[in-house]
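This report introduces a structure to a reader who meets it for the first time. Please keep the sequence and the structure in view while reading.

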Amino acid sequence: MTSDLTFTLFRLGYLVFLWLLVLGAVSTLRRDIFGTVVTPRGKGRKDADRKRRESRRAKTGTAPRNLLLTGGPLVGTIIPLGSSPIIIGRSPSSTLVLEDEYASSQHARLTPADGQWWIEDLGSRNGTFVDDERLTSPRELNVGDIVRIGQTTLELVK
């Protein structure tokens, strides 16, 4: 009789264990599906980015004073902007050295001109992107424009 009771308890325990595994898997799937933040793509994303940039520009009336790294291995790094150009790349001789295998040795250059900052791609293989548009010629940067070089993102801030 003891063996029948033990066997029944073992079966019930095994059944509870299986149900806990199933509920854990369902909970994980639910968190993965409904816990993610969906960012707009295509036209909706461009409109959202444009509105965000316009609101930032309205708040900032002065020229940017710093370069903030918002993504990549150096996230949170702030570089004060001066009057000299900033070379961005993997080379140790660059002003901003990126430890990013998708960046070229001299990837891009930030240049001040008349109170504004301009960015140009220095012939990199993977390209430089400003607000998800690949640079083909030098472009003026404004506060809030998001620059992506490899896996690193940066922007000008006050």
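## Salt bridges

A salt bridge is a side-chain nitrogen of Lys or Arg within 4 Å of a carboxyl oxygen of Asp or Glu. Side chains of opposite charge can pair when their charged atoms come close. The model discussed here is predicted: local features need pLDDT of at least 70 and side-chain atom pairs count only at pLDDT 80 or more, while totals for chains, interfaces and linings use all residues. Residues are numbered from 1 along each chain as its sequence is written, and side-chain values use heavy atoms, with hydrogens and water left out.

A search of the whole structure yields three salt bridges. D131, E133 and R139 are linked in a network of such bridges. In this network R139 meets D131 with an N to O distance of 4.0 Å, and R139 also meets E133, at 3.9 Å from N to O. Burial is described by relative accessible area: buried means under 20%, exposed over 50%, and partly exposed in between (1.4 Å probe, protein chains only). D131 is buried, with a relative accessible area of 13%, whereas R139 is partly exposed at 25% and E133 is partly exposed at 44%.

A further salt bridge joins R109 to E120, with the closest N and O atoms 3.2 Å apart. This pair links distant parts of the chain, eleven residues apart: R109 belongs to strand β5 and E120 to strand β6. Helices (H or I, at least four residues) and strands (E, at least two) are DSSP runs, numbered from the N terminus. R109 is partly exposed, at 28% relative accessible area, and E120 is likewise partly exposed, at 23%.

## The open sheet

Six strands form an open sheet with antiparallel pairing, in the order β2-β1-β11-β10-β7-β8. Two strands count as paired if DSSP finds at least two bridges between them. β2 (78-80) and β8 (133-134) each have a single partner strand and stand at the edges, so one side of each is left without a neighbour in the sheet.

At one of these edges, two bridges join β7 (residues 128-130) to β8, and the two strands run antiparallel. Here F129 of the pair stands opposite R134 in β8.

## The nonpolar core

A nonpolar core is a set of buried Ala, Val, Leu, Ile, Met, Phe, Trp, Tyr and Cys residues joined through side-chain atoms within 4.5 Å. In soluble globular proteins, nonpolar side chains tend to be buried together. The largest such core in this model has 20 residues, of which L67, I88, L96, L110 and I119 touch the most other members. At least two residues of this core come from each of β1 (66-71), β3 (86-89), β5 (108-113), β6 (116-121), β10 (147-149) and β11 (152-157).

Which residues does L110 touch, not counting those up to four places away in sequence? With contact defined as heavy atoms within 4.5 Å, L110 touches L67, P85, I86, I88, W117, W118, I119 and L141.

## Two threonines in β11

T152 lies in strand β11 and is buried, at 2% relative accessibility. The side chain of T152 makes a polar contact of 3.4 Å with the side chain of D100. A polar contact is a pair of N or O atoms within 3.5 Å; within protein, one must be able to donate a hydrogen and the other to accept it, and residues adjacent in sequence count only if both atoms are side-chain atoms. Beyond four places in sequence, the contacts of T152 include L69, G71, G72 and P73.

T153 is also placed in strand β11 and counts as buried, at 19%. The side chain of T153 reaches the backbone nitrogen of G71 at 3.0 Å. T153 and P73 are 80 residues apart in sequence, and their C-alpha atoms are 9.9 Å apart in space.

## A buried serine in a loop

S124 lies in the loop between β6 and β7 and is buried, at 9% relative accessibility. The side chain of S124 makes polar contacts with two side chains: that of D121 at 2.6 Å and that of H107 at 3.3 Å.

## The annotated segment

An unreviewed UniProt entry carries the annotation "transmembrane region" for residues 12-29. UniProt positions are given in the numbering used here, feature names are shortened, and annotations may be inferred rather than shown by experiment. In the model, residues 12-29 are 100% helix and 0% strand, with the end C-alpha atoms 26 Å apart.
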